[in-house]
Amino acid sequence: MIDLTPTELERYRRQMMLPNFGEVAQKRLKSATVLVTGVGGLGGTAALYLAVAGVGRLILVRGGDLRLDDMNRQILMTHDWVGQPRVFKAKETLEAINPDVKVEAVHEYINQGNVDSLVQSADMALDCAHNFTERDLLNAACVRWRKPMVEAAMDGMEAYLTTIIPGVTPCLSCLFPEKPDWDRRGFAVLGAVSGTLACLTALEAIKLITGYSQPLLSQLLTMDLTRMEFAKRRSYRDRCCPVCGNNAPWRYLQSKSTVISH
């Protein structure tokens with residue numbers, strides 16, 4: 001396991017004070033590589049909290065340029081960057097905040113051509129893309145290569161969150177065989193809502209990497225932030241799921257499991 005430098009020991013001292021966290025958990029964070037898709041108000045904010053927590057390497061994946069109407073929620077951005085690729089600004093901001101974290105910026109959307117190599121290069125993924133086309137591709141690749149995925153999405157004042165471990169929990173296709181109407185580019189959003197979900201998303205990833213506390217396994221956390229109502233709903237694997245079910249194609253791949261273990 002990678003050792004911590006004197007600077008890192010001081011930087012992360014307050015979180016290492018948590019009972020049952022300590023240097024062991026911090027070293028696990030430093031050793032981890034996390035793939036973050038989306039890198040907007042949700043993914044970018046989650047990446048920020050992973051960076052300041054000390055995750056060793058982040059792979060940020062997002063195509064497209066920054067728009068002015070992104071600025072109410074994308075806290076890694078600055079006004080002078082409007083019109084330029086947001087993923088490069090995200091990398092610059094994160095490295096300025098924590099130079100000990102290695103950040104790779106991929107100016108692409110998740111697609112069939114890149115998803116397998118991206119998933120294979122990481123220990124886990126955060127699914128924060130703005131449409132279900134990308135989400136389904138990432139989900140299938142994570143199942144295929146046995147990589148954990150934190151699934152987070154929002155629309156307006158509503159949001160949901162869960163952690164997916166292939167072969168253990170339901171996958172995204174089990175949860176949503178028919179896709180919600182949440183993939184519109186022009187959805188309404190308050191920055192504080194995406195930020196709230198992003199913090200919880202980062203926390204799920206930290207729990208999974210470190211083994212500190214229990215992540216949302218086979219539980220779907222739903223949030224109605226208009227009323228501040230939170231609920232946990234039990235989720236179930238679909239044995240006939242075309243992605244993760246008993247006869248799904250990934251079961252015939254001869255790939256070694258890389259699910260995070262301690």
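Contact here means heavy atoms within 4.5 Å. Angles run from 0 to 180 degrees between N-to-C directions. With these terms, the packing of helices on the sheet can be described for this predicted model.

Helix α9 spans residues 191–210. It lies across β1, β4, β5, β6 and β7. The helix runs at about 170° to β5. The sheet beneath these contacts is an open one, built from 8 strands. Their order is β3-β2-β1-β4-β5-β6-β7-β8, and the pairing is mixed. The edges are formed by β3 (102–106) and β8 (229–234), each of which pairs on one side only. Neighbouring strands are turned by 15° against each other on average, direction ignored. Helix α7, residues 132–144, also packs on this sheet. It touches β1 (33–37), β4 (124–127), β5 (149–155) and β6 (158–164). The direction of α7 makes about 165° with that of β5.

Strands of a sheet pair through backbone hydrogen bonds, either parallel or antiparallel. At one end of the strand order, β7 (residues 219–224) and β8 pair in the antiparallel sense. This pairing extends over 6 bridges. Two partnerships can be named. Asp224 has Glu229 of β8 as its bridge partner. Leu221 stands opposite Lys232 in β8. The two strands form a hairpin, with 4 residues between them. Met228 sits in the turn and has a positive phi of about 55°.

Helix α3 covers residues 22–31. Its buried residues are Gly22, Ala25, Gln26, Lys27, Leu29 and Lys30. An α-helix has 3.6 residues a turn, so residues three or four places apart point the same way. The cover over the buried residues of α3 includes α1 (6–11), α2 (13–16), α4 (43–53) and α9. Helix α9 thus appears in two settings: it lies across five named strands, β1, β4, β5, β6 and β7, and it helps to cover α3.

The structure also holds 2 cavities of 30 Å³ or more. The second largest has a volume of about 40 Å³. Its lining consists of Val39, Gly40, Gly44, Thr45, Arg73, Gln74, Ile75, Leu76 and Met77. These lining residues divide into 4 nonpolar, 4 polar and 1 charged.

Terms used. Residues numbered from 1 in each chain as written. Predicted model: local features only at pLDDT ≥ 70, side-chain atom pairs only at ≥ 80, totals over all residues. Heavy atoms only, no water. 1 Å grid on protein atoms, 1.4 Å probe; cavity = no way out; pocket = protein on both sides within 12 Å on 5 of 7 lines; lining within 4 Å. Points joined across faces, edges and corners; volume = space filled by probe spheres on them. Nonpolar A, V, L, I, M, F, W, Y, C, P; charged D, E, K, R; others polar. Pairing = 2+ DSSP bridges. Buried < 20%, exposed > 50% of the residue type's maximum accessible area, 1.4 Å probe, protein only.
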